[in-house]
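Visitor: I would like to learn how to read this model. Please take me through it step by step.

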2 protein chains.
Amino acid sequence: MPPAGRPRAFDMECVLEAAMLLFWEQGYEATSLAQLRAATGLSSASLYGAFGSKEGLFKQAVEHYMKGPGGATGVIEDQTVSPREAVAALLHGSIDMQADSSHPVGCLIALSGTMRAPGEEHAGVRAAVTARREADRVRIRACVERGIAAGELDADADIDGVTAMIHSFLLGLSTQLRDGVAATTLHTAVDAVLLNWRRS
Amino acid sequence: MPPAGRPRAFDMECVLEAAMLLFWEQGYEATSLAQLRAATGLSSASLYGAFGSKEGLFKQAVEHYMKGPGGATGVIEDQTVSPREAVAALLHGSIDMQADSSHPVGCLIALSGTMRAPGEEHAGVRAAVTARREADRVRIRACVERGIAAGELDADADIDGVTAMIHSFLLGLSTQLRDGVAATTLHTAVDAVLLNWRRS
DNA sequence: TCACTTATGGATCATCCAATCCGTAATCGC
DNA sequence: GCGATTACGGATTGGATGATCCATAAGTGA
């Protein structure tokens, strides 16, 4: 049954999509409520009624991002391919997604929440994206461990080091793309990274 | 001879240092003039008289950064060591600098100017830091070429790819450190990166 | 038809923003 | 000492900010 009261006149997914694109392009702080209102067509009351606050809207926009473009990183967990191929799919796929011209360049998760406000005003915003980055870290690490188990890497390989190498490279892609570095160049950089995925 | 008029009652270097630390920690947009006034002890009139605008202050703070902590990347141009050692010094030195507890974590250049405002309001701010990143790109590339010339890398090595791999890793370090990844882990990640600095 | 609940549009709130203005103070060349 | 020039502290500017309020509209179940 539908909830009591007047039903919403807008589609949540469409609103989250518009908000996501704005936050993606400009970041949380630089995106004003006036811009969000213009992009979504909603009034302040509707926005706050549905999401509680600008911060709440951002968090839901991040979830929307993860269900869409941000889901591209999920291939790292694909157990049907070799760990090495999973890493390759993660990196190449991430570049393709971030460079896609149908949305802002780069990755929302990699670019957001890197600055700190002394008053910890928007701690929730930072926490939302740092948690996603931490999740990526965990998944990459699991893949490295699978690589060792599969014999692709040395048994005594530095798990944390290899994980950090891959993740740091992944996080840097967004800035590279925003600086205008060609996606094709970054694809070849992935090949260079994967040279390290081997036994010594 | 001293310039005509009443002399400044403050030290430019101290003011730039304080402003740099604020911009470093919080970024350009999130740093308010009120914070800058409190940190520097100057009035609005003095700040605007000396730097013209908030943007002008940021640009000079970036220059101040490059003369100080940001100068750590200069080791990549050291011709007295092997290209491989120059890259190692760049990456290890950058981690040490960024993790130093005497200032904000991460790199001002890597973290700033990655977001785009539609009105291009602070295009000068972005341009200031993107130019520095581009300069790093050029210097890393030159080092890769030296590596080929020195026989450390294959003659047909993918110069742009290796350059992008190193730079992307470098850019990702700031986010990793802000996320709490240990500097020691990143140092071992550098070792993993350098496994690629070899002939096939 | 009648409460009840929720959503909407638009006006409005106090606050903060970057930037400017003004009267005064300090140092110059002369 | 004197005019010119520059810097200073502090108040103030117009505008934008995130968030809230209120009257009204549009649905519900009884």
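**Two copies and two DNA strands**

Visitor: Through which surface do the copies meet?

Guide: The copies meet through the same surface, because 100% of the interface residues of chain A are also interface residues in chain B. Contact here means heavy atoms within 4.5 Å. This is a predicted model, in which local features need pLDDT of at least 70, side-chain atom pairs count only at pLDDT 80 or more, and totals for chains, interfaces and linings use all residues. Residues are numbered from 1 along each chain as its sequence is written, chains are lettered from A and ligands numbered from 1 in the order in which they are written, and side-chain values use heavy atoms, with hydrogens and water left out.

Visitor: By what turn can chain A be laid on chain B?

Guide: Two copies of a chain are related by a rotation about an axis and a shift along it. Here the turn is 180°, the shift along the axis is 0.0 Å and the RMSD is 0.0 Å. That is the relation of a two-fold axis. The superposition is by least squares on the C-alpha atoms of residues with pLDDT of at least 70 in both copies.

Visitor: Which residues come nearest to DNA strand C?

Guide: A residue is near a strand if one of its heavy atoms lies within 4 Å of it. Around DNA strand C there are 21 residues, and A:Gly5, A:Arg6, B:Leu33, B:Tyr48 and B:Lys54 come nearest. Sugar and phosphate make up 63% of the strand C atoms that come within 4 Å of the protein.

Visitor: Which atoms of DNA strand C do B:Tyr48 and A:Arg6 approach?

Guide: A polar contact is a pair of N or O atoms within 3.5 Å; within protein, one must be able to donate a hydrogen and the other to accept it, and residues adjacent in sequence count only if both atoms are side-chain atoms. B:Tyr48 places a polar side-chain atom 2.2 Å from a phosphate oxygen of DNA strand C. A:Arg6 has a polar backbone atom 3.2 Å from a base oxygen of that strand.

Visitor: Which element gives the most to the surface near DNA strand C?

Guide: Helices are DSSP runs (H or I, at least four residues), as are strands (E, at least two), numbered from the N terminus. The answer is α3(B), with three residues.

Visitor: And which residues are closest to DNA strand D?

Guide: They are A:Leu33, A:Tyr48, B:Gly5, B:Arg6 and B:Ala9, out of 21 that surround DNA strand D. A backbone N or O atom of B:Ala9 is 2.8 Å from a phosphate oxygen of this strand. B:Ser43 brings a polar side-chain atom 3.4 Å from a base nitrogen.
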